[in-house]
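Reader: Before I plan anything around this model, I would like a careful account of its surface and of the empty space it holds. Could you take me through that in one connected answer?

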Amino acid sequence: AGSAVGLGNIWRFPTEAGNNGGGAFLLVYILCVVLMGVPLMVAEFAVGRHSRANTGSAFRILSKRRSWGLLGKMEVLAAFLILAYYSVVAGWTLYYAFQSLLNRFNVMARQGDSSVFADNFNSFVSDPWLPLLCLAAFLFATHFVVVRGVKSGIERSSKILMPFLFLLMVVLVVCALTTPGAAKGLEFFFTPDFSKIDSGVVMSAMAQAFYSLSLGMGCMCTYASYFKRDANITKTAFTVGLMDMSVAVMAGIVIFPAVFSVPGLEPDAGPSLVFIALPNVFQMAMGGIPAMAYVCSLAFYVLLVVATLTSTISLHEVVTAYLSETRNMPRRRAAWYVTGGSLVLGIFCSLSLGVLSGMTVAGMTIFDLFDYVTAKIMLLAAGFLTSVFVGWVLKPHALANELTNWGTLKLRCFSVLVFMLRYVVPLIIAGVFLDGLGLLNIL
Ligand code: TRP
C-alpha cells in the first residue's frame, strides 16, 4: 500500500479524470481496477514470491527462457524512467509543504484574488533553480532510505503516517463539500457521460489503474520476493486495491469541488490542476479559522511527502535491486547510479516546464513525453505480457501453490483468476491498443 498510494492517487488521478471527462473516466477506472488491476497484482505477487528474485531476473528464472527475461528488463527500465519524472512532482510537494509551514497560502488567500494560487504555481515550476533543488532533495531522501534499508525507518513510520493521511482525506472531503463549487464538482466527477467513452478514455483509465496500483514495473514483484511464505497474496491484493482506489476517489471528491470554486480554473488544466486547486480548498473551507487552515494544509502536505516517498522508494528499490543482484555491484554503488541517473533525467523533465518548454516531441514536452511513454505504452505492454506469462507460461501448480499456501482458496476463485489472466486482461489491453490505432472500430 505504501508503494501504491502516492502522487498517482492525489495528483495524477484527478489530472487524468479532468482530461477525460470526469464521470465517464471514473467508471472505466473502477472497472479496470477490479477486473484487471487486482488479478494482475496477484500475478505479480506470485511471480515475485515464487522466484524470490528481483524483477529483472524473475521471469527468466521461472520460464528458463532468455526472451522472457527481456520483460523484466523492460520493467526495470520503465521504473527508472518513472522515477525520474515522478521525483520532479515529488519535489513540488516538498515545496508546498514548506510554503504551508511559512503560512504563505494564508497570505495569498487574503489577497482576495484566487489567480495568485495559479501564479504561485506557474512561477515556481518555471523557475530555473528552485524546482531542481526540490527534486534533488527528494531524490537524496529516497536514496538515503534505500541505502539504509526499508524496514527500520520508512516501514515503521509509514505504518503510522499513512492511516493519518487517510483520515485527513476524510476531513478534506467534508471541507470540500462546503465549497461553493461542490455541486458542480460532484456532478462532473460522478455523472458518467457515456458518449465520452472512446478508446483514448479507456486507455487512460487502464493506464491510470495500473499506475496507481504500481503494476507493470516490478514494484509489486520485487516487494513480493520479500514476502513470508504464509502471506495471503489474494487478500493482500484486494486490500491494496481497495485502499488505493478509495484514496483516489476521495482525491476526486476533494479536487473537483475546489476546481469549480476557483474562477478561471478548468478541470482539464493538466498537471498543475491539483497544485492550484488544493491550497485553495484549505483556505476556502476553513477561511473563517486561519489556524485550522494552517494545521490542515501543513499536515496534508507533510503526509503527502511521506506517501510520495514510500512510492519513490519502491521505484528506486526495483532498479537498485536489479543492478546489485545481477550486475554484482554493492548495493550502495548501485543506489548511487540510480540516484545520479534519475537526477539527470529529472532535471530535463523539470526544465521542460520552464526554460525548455519550447522543446517538444510529437507536440509533447519532455515531461509529458515521459509520462506518456511509461504509463500508456510500457506499463500497458508489461501488463499484457505479465498476464500472458502467468496465465499461459507459468505452470498452473506453481500459481496454485502460491495462492493456496494459507489453506482455503476455493477452486472456483482460482479458476476465475486464471480465466481473467488468460483471456480477459490480455484481450482487453490488446483490444484497446488496436482500437486506438484505428485498426478496430469498437469504441
Ligand atoms: N503507484 C504509485 C502512486 O500511485 C507510483 C508508483 C510506484 C508506480 N511504483 C510504481 C507507478 C510502479 C507505476 C509503476 O503514486
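Author:
**Surface and empty space**

Leu 27, Ile 30, Leu 31, Val 34, Leu 35 and Phe 194 make a nonpolar surface patch of about 510 Å² (residues with over 30% relative accessible area and no salt bridge, nonpolar side chains being joined within 5 Å; areas are Shrake-Rupley with a 1.4 Å probe, and a salt bridge is a Lys or Arg side-chain nitrogen within 4 Å of an Asp or Glu carboxyl oxygen). The model is predicted, with local features needing pLDDT of at least 70 and side-chain atom pairs 80 or more, while totals for chains, interfaces and linings use all residues. Residues are numbered from 1 along each chain as its sequence is written, and side-chain values use heavy atoms, leaving out hydrogens and water.

Within the patch, Phe 194 belongs to the loop between helix H9 (182–190) and H10 (helices are DSSP runs, H or I, of at least four residues, numbered from the N terminus). Phe 194 counts as exposed because its relative accessibility is 57% (exposed is over 50%, buried under 20%).

Turning inward, a search of the whole structure finds three cavities of 30 Å³ or more, and the largest cavity has a volume of about 150 Å³ (on a 1 Å grid, points where a 1.4 Å probe fits but cannot get out, lining residues having an atom within 4 Å of a point; the volume is the space filled by probe spheres on the joined points). The largest cavity is lined by 18 residues, and those closest to its centre are Ser 3, Tyr 86, Tyr 211, Ser 214 and Leu 315. Helix H4 (66–101), helix H10 (199–212) and helix H14 (290–326) are the elements that each give two or more residues to this lining. By class, the lining of the largest cavity holds eleven nonpolar, seven polar and no charged residues (Asp, Glu, Lys and Arg count as charged; Ala, Val, Leu, Ile, Met, Phe, Trp, Tyr, Cys and Pro as nonpolar; the others as polar).

Ser 214, named among the residues closest to the centre of the largest cavity, sits in the loop between H10 and H11, and Ser 214 counts as buried because its relative accessibility is 10%. The phi of Ser 214 is positive, near 60 degrees, in a residue other than glycine. Lys 64 likewise is not a glycine and has a positive phi of about 60 degrees. Lys 64 lies in the loop between helix H3 (55–63) and H4, and Lys 64 is exposed, with a relative accessible area of 74%. Most residues other than glycine have a negative phi.

Notes
On a 1 Å grid over the protein atoms alone, a cavity is a set of points where a 1.4 Å probe fits but cannot get out, and a pocket is an open set with protein on both sides within 12 Å along at least five of seven lines; lining residues have an atom within 4 Å of a point. Patches are made of residues with over 30% relative accessible area and no salt bridge: like charges are joined within 9 Å, nonpolar side chains (Val, Leu, Ile, Met, Phe, Trp, Tyr) within 5 Å. Buried means under 20% relative accessible area, exposed over 50%, partly exposed in between (1.4 Å probe, protein chains only).
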